[in-house]
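Q: I have a model open and I'd like to learn how to read it. Could you walk me through it feature by feature?

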Amino acid sequence: MLVSEMNGIRPVDAGRQDCHDLHSWGPGVRQCYIIHYIISGKGTFTCGKKTYTLTAGQSFLICPAQVVQYAPDENEPWEYVWVDFVGEQCRQILARSVLNPQQPAASPLRQERLLPYFERLCQMELYRRNSQETVGVLLALLGVYQDLAEPQREERKKEDPRIME
């Protein structure tokens, strides 16, 4: 069995965007999941009716069929990396992550934990995006976001012992 078949997830595309030209997107709807990680600068991300002001080190998640919009700050425009992915297991994988449909923006995270995975995905040739290696790198990245959620889950369990995750 292939890794992508076991996990029901596959990367679609990945890239890096320097928004000094004030490149923005939306409002609109995407058809896949997209995680952005902000390398430098700042900007805003609107998901539904909630707007987040984000800075370097933060991440944000776009889910399919959600109306979103994002734009760089005019004075300190952001640069970010991103990865698009699809699959039947995406929602379940993200549910245990610091980024999920209920919390689409994450607090600042250490660049050395995340950036190498994004950079590796960006370096992989487009024709190899569906390779098992590419799926493995994406799963490793999502695993870091899940690991970062563990302390939050433990804290909630301490507050309410009835919580079983």
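Q: Let's start with the whole chain: what share of the residues is buried?
A: Buried means under 20% relative accessible area, exposed over 50%, and partly exposed in between, with a 1.4 Å probe and protein chains only. Here 44% of the 165 residues in the protein chain are buried. Keep in mind that this is a predicted model, where local features need pLDDT of at least 70 and side-chain atom pairs count only at pLDDT 80 or more, while totals for chains, interfaces and linings use all residues. Residues are numbered from 1 along each chain as its sequence is written, and side-chain values use heavy atoms, leaving out hydrogens and water.

Q: How many helices and strands are there?
A: Helices (H or I, at least four residues) and strands (E, at least two) are DSSP runs, numbered from the N terminus. The protein chain has four helices and nine strands, and along the sequence they come in the pattern α-β-β-β-β-β-β-β-β-α-β-α-α.

Q: What do the contacts say about sequence separation?
A: A contact is heavy atoms within 4.5 Å. Take the contacts in the protein chain with a separation of 6 or more: 76% of them are between residues 24 or more positions apart.

Q: Which strands form the open sheet, and in what order?
A: Strands of a sheet pair through backbone hydrogen bonds, either parallel or antiparallel. The working rule is that two strands pair if DSSP finds at least two bridges between them. In this model four strands make an open sheet, ordered β2-β7-β4-β5, with antiparallel pairing. β2 (25–29) and β5 (50–55) are at the edges with a single partner strand each, so one side of each has no neighbour in the sheet. On average, neighbouring strands of this sheet are turned by 15° against each other, direction ignored; the axes are lines fitted to C-alpha atoms (for helices over the stretch in contact), and angles run from 0 to 180 degrees between N-to-C directions. For one pairing, look at β4 (residues 42–47) and β7 (residues 67–72), antiparallel over five bridges. There, threonine 44 has alanine 71 of β7 as its bridge partner.

Q: And β6, is it covered or open?
A: Both faces of β6 are covered, with Ser59 and Leu61 buried on one side and Phe60 and Ile62 buried on the other. β6 pairs with β3 in the antiparallel sense over four bridges, and histidine 36 stands opposite phenylalanine 60. Two bridges also join β6 to β9, again antiparallel, with serine 59 opposite alanine 106.

Q: What does leucine 61 touch?
A: Leucine 61 lies in β6 (residues 59–62) and counts as buried because its relative accessibility is 0%. Not counting residues up to four places away in sequence, leucine 61 touches Tyr33, Ile34, Ile35, Phe45, Leu94, Leu99, Asn100, Pro101 and Pro104.

Q: Asparagine 100 is on that list; where is it found?
A: Asparagine 100 is in the loop between α2 (90–95) and β9 (105–106), and it counts as buried because its relative accessibility is 11%. For its partners, a polar contact is a pair of N or O atoms within 3.5 Å; within protein, one must be able to donate a hydrogen and the other to accept it, and residues adjacent in sequence count only if both atoms are side-chain atoms. The asparagine 100 side chain reaches the backbone oxygen of serine 97 at 3.1 Å and the backbone nitrogen of glutamine 102 at 3.0 Å.

Q: Which residues touch the most other members of the largest nonpolar core?
A: In soluble globular proteins, nonpolar side chains tend to be buried together. A nonpolar core is a set of buried Ala, Val, Leu, Ile, Met, Phe, Trp, Tyr and Cys residues joined through side-chain atoms within 4.5 Å. The largest one has 31 residues, and Ile35, Val83, Phe85, Phe118 and Tyr145 touch the most other members. α4 gives the most to this core, with eight residues.

Q: What kind of aromatic pair do tryptophan 78 and tyrosine 80 form?
A: Rings of Phe, Tyr and Trp (its six-membered ring) pair if their centres lie within 6.5 Å; planes under 30 degrees apart are stacked, over 60 edge-to-face, and the rest tilted. The structure holds nine aromatic pairs. Tryptophan 78 and tyrosine 80 are edge-to-face, at 5.8 Å centre to centre and 85° between the planes, and both residues are buried.
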